[in-house]
Every structure is written in C-alpha cells, then in structure tokens.
Amino acid sequence: MAEIAQVIVDVPTMQTNRPYTYQVPAQFDRQIQVGMRVIIPFGNGSRQVQGFVVGLDEQTEFDGELKSIISIMDLNPVLNQELLAMSQWLADSCYAFRISCMHTMLPNVMKTKTQRYLQIIDELSETDLFELFHGQDEILFDPENMPAETVSRLLKLKRQHQIEVTYALTDQAKAKFVTSIKPTMSFERYEEERSLLRASAKAQNKLLSFLQSILGKEMSLSEAKEITGLANSIFTTGEKKQWLEKDQLEVLRTPQTTLNSDNKVIPELTADQKVAVDAICESINQEKTAETFLLQGVTGSGKTEVYLRAIEETLSEDKTALMLVPEISLTPQMVTRVKGRFGELVAVLHSGLSNGERYDEWRRIERGEAKVVVGARSAIFAPLQSIGLIIMDEEHETSYKQDETPRYHARNVAKWRSEYYGATIVLGSATPSLESRARAQKGVYHHLLLPERINQQPLPAVQVIDMRQELRKHAESNFSTALLDAVKDRISRGEQSILMLNRRGYSSFIMCRDCGFVMQCPNCDISLTLHMDTHTMKCHYCGHEEGIPKICPNCQGHKIRYYGTGTQKVQEELQSLIPDAKILRMDVDTTRRKGAHEKLLNAFGNQEADILLGTQMIAKGLDFPNVTLVGVINADTALGLPDFRSSERTFQLLTQVSGRAGRADKAGAVIVQTFNPDHYAIKLAQHHDYERFFQTEMNIRHRGKYPPYFYTLQISVSHEEEVQAAKSIMEIAQFLKANLAATSIILGPTPKSIARMNRKYYYQLVIKYKQDNQLHSTLTQMMDQIQKQSRQGIQISIDPEPQHFI
Ligand SMILES: Nc1ncnc2c1ncn2[C@@H]1O[C@H](COP(=O)(O)OP(=O)(O)OP(=O)(O)O)[C@@H](O)[C@H]1O
Ligand SMILES: [Zn+2]
Ligand SMILES: [Zn+2]
C-alpha cells in the first residue's frame, strides 16, 4: 500500500539530485514499483514530464498539497535494485546528476519525447486565431518548423491568456509486433473445406494445403506470404472463413553480423593459457569474492581463448558474463568469436544499433534470455543479473572513459558491479595501463602472464626509420625507401600489408601561400578541417561546416594550398608509387555507413587487396594470418601532445599495431617511420619491452607526481564572456586552496588549450592528490554552487581521472 512516491524528475535544465514527492492515486496502488517510469505533472500549469520512482512510502503526513502521479509507463521496473543503487553511486562518484546517470544506464528509447500543443482556452471569434489554428482547437507547437512570424503571434496570444500550452509525452520504448497467422482447424476439417471449393479457386486451395502443413504452429504473415506466394487478400479470405486466426506476434530486432564466420574448432590450451584459465575459473567458482586479474599477454598470445574459457565456466555455474571491448565496430572479429562459441546466449550492444535493436537486445538481457553481453563502454550497464565475470579487453584504451557527463570509467563501474555480485574481473592487454600494472605490482590485482605468442611464433622484428634522413634524400614523400620496398616485396609474394597513418592531433587544413591565412571556425579557436569526400571545411568541435574557398578570403589571392596528410592523400601517393597495388582504405570517411567496417575487413580477409591503409582504427584486434608487414607511416603525432600520457599512448599504439603482423605461420615484420627515432617510447616498443617501458615511465611519473602515484581531477568552467569564466575559475581555485589537504596540488587555473569552443570560453584547473579526505565533500559542496551558477550561464564540470589533457 504505497501512498507516497519519491520521484527523480527528468528535466534536463533542473540540475538537482533531490527526489520529488508525489501522491500515488489509489488505482496505481498495486501496480507501482520502485524503478518504474511514471508521468507526473511538473511546475506550474499543465506541464507533464517523465520521472523515475526511487522510493515508495506509506506515510501520508506531508505539509501542503501533493501532486499526483498521472500514469505509470512500465509494467515492470526498468531499473532493478542494483541499477538504482548504481545510479546513486555513479552520480556521487562522478559528480553528475542522477537523471543523467539513469539515462546513461538505459537504452535511448527510454527517454520520452515531449511535444507541446497549443490549445484555445475560450471560444474563438477572431479570424486571427482561426487562421493560425486552421479552424481546430488544438495544434502542435513546433517553433523550429514554423515561420518566425507565426511563432511570435502565437506567443503573444499565450501572453494574453487566449491560448494555453499542453504537453504530451510519447514513450518511444515500443516493442515491434508483426501480424501472425495460426491454423484453427484439424487436418480432416481442412479436407472438408477443400471439397467445398470450386475447382477454379486455386489460391484458396493452396492456402488450405499450406495451413495443413503448419498445424499447431504460429507464423508471421509476411513469412507465410513469402513461402506460399499468395496475396494478402487470400489470407483475409481465409480469416473470414475462419480457416485461420490472426494475432500480433512480438519480434525481436536482432542485429546481424556479416563478418565471415569463425572456424569453430576449440583449440587445446597452451601451458600458459591453462595457468591463467585455471586461476580465473577458481575465482569464478568461489561465491562472493570479487577478485581482479590482470591478464598481460603479448599480441597474438591467445588472450581471447582465455576469455572464452572463463565465460564457459561462468555459464556452467549458472551465472552471466559481461565482456567489454574498446569499440565494437572496430573489433567485429571478437564478436564473431564469442557468438561462434555461445550462439544465441550472446547479446551485442554497440552504437551502430538502431534504437529499436538496442532496446530489444536490452530486453533479451533483462529477461535473462541473453547470458553473455559483448559491447563497448556503455554495455557495462547491461541489466544482467548474477554476474559472475566481467572482462575488459584492451583495458588500457581511453575509450573506456566517457568524456561527457557522467564522466565514468568503465573499469570503476566494473569494480562496483563485481563487488555487488562477488564477480571476477579480468583486465586483458598486451600493454596494460600504468595504473593497472602498478596495482598488479602491489598485489591488488592478480598478475597473469602470457609471455609468448601461440606456437612460439616470434614477435615481429621492428625496424625504425629516421624520417629526417629520408627527407634529405627525397623531399615530401610519406614513404621511406625501406617501407616502399617492403610493401612491394609482400605484393610479389602474395602476402598482405597493413599501413597505419596516425592521425591523432592531426588534420588537413588549407592555407593561403600569399598571406598565410588559415581558415578558422567562427565559433571555436581552431582551424577548420578539410574533407575531400564532401568538399567542405568542417569544425571538429562544433560541427560548423562551409565550402572550400577558391580564393583567399583574406587577400583575395589565388594561391590556396592543402596542408596536412589525410589518408586519402596518402592513398593517392601510394597508388602512384605502386600503380598495380590493390589498396583498401579504412578511416572515418570510408566507414561511415553501417556495416562498412565489416565489409572492408571481410574483403581484406578474403585477400581482395594487398594493402589495408587506415587510421588508428586498424590497430586493434585484427587477426589476419596472411599479413606479414605492418608499416607505421608517422609514429610521432601523439608524442607532440601536451599530455603526460603521450609516451604511454605512443608505446601502446605501436605495440598494438605491430602485433597485427606475422600472427600465423609466416613471420612478420614492422617498419616504423618517425622523426624521433631516439625517443624511449619508440625504442622500447621496437624491442617489445613493456617491462622496461613500465619502469622508465613509472620513474617519470614519480618525479612529476602524476598517476599512478597521484590521482588527478580536472575542473573546467565555461561562459560566453571570457571575464566571467576566468572570474569563476579563480574563485574555485581560492575555495579549493582553503579546503583541500596540504598534500594536494592545484595546477592552474589556465585557459584550455582550445580556449574557445562553440562560442564559449573555457578555463580549467587540475588537482593532483594522493589521499584527500576533504576532496569529495569539498567538491560536493561545489556542486551546489554549480546549481546556483548555472543560472547565470556559467557551466562547471568536474572530471575525475581525465584521460585527455588537451
Ligand atoms: N591454444 C591455442 N592453440 C592454437 N591456436 C590458438 C590457441 N589460442 C588462441 N589461438 C589462436 O591464436 C590466434 C591469436 O589469438 P588471439 O587473437 O586470442 O590473441 P590475443 O592475445 O587476443 O591477441 P591481440 O592482443 O593481438 O588481439 C588466434 O587466431 C587464435 O584463434
Ligand atoms: Zn567550431
Ligand atoms: Zn591570402
């Protein structure tokens, strides 16, 4: 008997974590449950919004009058106890609003769509109203698609209280239904019906035999039409004659994968794999112990097989398994392997799914039909229950951290869930993040090693080419002689090459050779990027787009030139250097369409091309036996970034891309082109020496007081007026200095390296801290300020453990 509900209200502009109290009308008494979505009145007037029930009470004492819940949107809670508790923790630890955490955890379609209607209050006499309302009492208010003049006239009428606004919410979370048919009679009765037909009624005759063939079954109408080739009208006739019954059948929109299916032979484990699998399985079998393993295995050492065995064990214990991969569209081979092993039990969640597909996969998980979930970052919130195992492949990848609010790291969410269920965590990587490797060192994580490739296949030999020398020999080519010769050699042997163009912090822009003018975004402090495919200049921060100028907008000169190296330009150069090479290009431009990744990879896997040329997206997870050469066209770009992790990123990327070569019986080679051949990250990657890199980098981090020795937290402030932004970051800095522990260090405040974005000015400061009991409460206090200040247009964000410092 719940009479009072605590509701988190879904209004984005209302920045609070406080639940609101609503009356539960008697008719909903039995139905309402914590974790359901409800529609509630909010604010003045007739506004309706969505909310999430987070608490139910019986007490009726309350000062003042309570508003009542209007309706309940769900038959079952969409947030179970665990997810509700998690949303609370997530909001708290990420300094985020609970409503945005809830939305992050749920499929998109759980957001309601609000439409505004305008309604005439009294009788209408004026022609004005008649014209605006087209003679109706109510119209949809859609300011974006209405002439400005109409909008202002309508708003004026509203101010004069002639019309009022009403809100209608539509629930987008809809299951998909299709019409189905079912035979209603026995075989003999159908025979009787047949004898009554005229000889010319061939189609009906055919329908009768078909129905006889599917006795006791239900089938979708469209499938039945396809099988029989009969028209709709025949089925309608059949329904009228009561030969069949029509019904609504729910269909799940299951995403298809088009990647070549994996050979399903389950290999015998190597000795090292066995040690790892045994240790992990033992932990899975222990109830209620949340242990974390760091599985550090060189590229091609068979980490995936370890994951698969661990999943198998988890399922046999009647528990569920969650497997995260950095970006699923880039690792279709992984999905194929998991699906190949566990079939229908697998649900795949990723950004390429349509909203409907995502919703249906989500419900398959929620109902317990899918017991293994594979997905990218946000799949960590999959509504699995009794989780026994959480795997994070390539655990060092930055894509596990969300850059927008809530700024969570999937690894921390994994830890929370593993403690909730007593689940085992496996973090896998050839190049673990320094944070994780340091924890393994301390014994916080169990360290498991796969030091060798399968079949003792050697890691590829890496040759480093000094591009400063090369440029002296021949100007302005992206290809050294060594790399070109190696590629030609592979082509002549019928082997394949992967070439990577590192494009982080890299872009193509245009510049006037007369006056040096560079096209800038009118809203942001950065230059526009040239996109040859659409023939436009685009801002990668705010999305601003314009045409490519033919003459310089500054001096009207004609010497506009392209700078920077796009993959397309590199492809053209390579093609002219090796005219008969078959090149596949994989970058954002060629993979925009759904399924394009898989198509390209399939083609390459079928050896339809000699060379796969691409950006970082080709560095991960690819396992092609015929690839014996990997070339890195430019290893340096990440090194130039003002980020203390830039060496770590470079080392990780080089190791990972090198790992694509020589994975089967043919030996592999790697050629790395660089302007910094002596840099330790490049040298140590050349020698596959993770341990030395770890020691070297740890020393540097220790000296600089960086993670993993210190934690970091970034606070940014933005405002349309630079003075306002600067003023409030200074105030924050003062406040922090007065309240934080003496051991905590504040860096800044400074303008962000891109100081202006989307017409707003950005300032930031970074806190480095070891242990600071004051920090959390101080920052939470600051969150209250955010709520006050955001009303004046100032936006403050707190980012715990940011992964990018630019
Ligand atoms: N025990 C085994 N015996 C034979 N082949 C195996 C065994 N384990 C894995 N393999 C095969 O070895 C290859 C490399 O394994 P896998 O892709 O799992 O390596 P990985 O450690 O995940 O590599 P990377 O980090 O480079 O993605 C795969 O083709 C896999 O099928
Ligand atoms: Zn811009
Ligand atoms: Zn010019």
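How do the residues of the shell around ligand 1 divide into nonpolar, polar and charged? Hold that thought for a moment.

Good morning. A caution before the answer: this is a predicted model.

Now the answer. The shell around ligand 1 has four nonpolar, ten polar and five charged residues. Which residues come nearest to ligand 1? They are Pro-267, Thr-299, Gly-302, Lys-303 and Thr-304, out of 19 around the ligand. Helix H10, residues 303-316, supplies three residues of the shell, the largest share.

Where does ligand 1 lie? Domain 3 (271-449) and domain 4 (461-506 + 565-695) both give residues to its shell, so ligand 1 lies between them.

Let's step back to the whole protein. There are 806 residues, and 38% of them are buried. The secondary structure comes to 23 helices and 33 strands. Now take the contacts between residues at least 6 apart in sequence. Of these, 73% join residues at least 24 apart.

Next, the domains. The assignment gives domain 1 (4-110), domain 2 (113-170), domain 3 (271-449), domain 4 (461-506 + 565-695) and domain 5 (711-800). Notice that domain 4 is written as two stretches. Between domain 2 and domain 3, the C-alpha centres lie 52 Å apart.

On to two sheets. Here is one of them. Three strands form an open, antiparallel sheet, in the order S22-S23-S24. Strand S22 (529-531) and strand S24 (545-547) are at the edges. Each has a single partner strand, so one side of each has no neighbour in the sheet. Neighbouring strands here are turned by 35° against each other on average, ignoring direction. S22 and strand S23 (residues 536-538) are joined by three bridges. In one pairing, Leu-530 has Met-537 in S23 as its bridge partner.

Now the other sheet. Four strands form it, in the order S31-S32-S30-S33, and it is also open and antiparallel. Which strands stand at the edges? Strand S31 (745-757) and strand S33 (795-800) do, each with a single partner strand, so one side of each is left without a neighbour in the sheet. The average turn between neighbouring strands is 20°, direction ignored.

S31 and strand S32 (residues 760-769) run antiparallel, joined by seven bridges. Look for Ile-745: Lys-768 in S32 stands opposite.

A helix joins the picture too. Helix H22 (residues 722-739) packs on this sheet. H22 touches strand S30 (711-719), S31 and S32. Its direction makes about 15° with that of S32.

That's my tour. Thank you.

Note on methods. Residues are numbered from 1 along each chain as its sequence is written. Chains are lettered from A and ligands numbered from 1 in the order in which they are written. This is a predicted model: local features need pLDDT of at least 70, side-chain atom pairs count only at pLDDT 80 or more; totals for chains, interfaces and linings use all residues. Two strands pair if DSSP finds at least two bridges between them. Axes are lines fitted to C-alpha atoms, for helices over the stretch in contact, and angles run from 0 to 180 degrees between N-to-C directions. A residue is near a molecule or strand if its C-beta atom, placed from the backbone, lies within 6 Å of it. Ala, Val, Leu, Ile, Met, Phe, Trp, Tyr, Cys and Pro count as nonpolar, Asp, Glu, Lys and Arg as charged, and the others, Gly among them, as polar. Domain bounds come from an automatic or database domain assignment. A residue is buried if 20 or more other C-beta atoms lie within 10 Å of its own, exposed if 12 or fewer, and partly exposed in between; C-beta atoms are placed from the backbone. Two residues are in contact if their C-beta atoms, placed from the backbone, lie within 7 Å.
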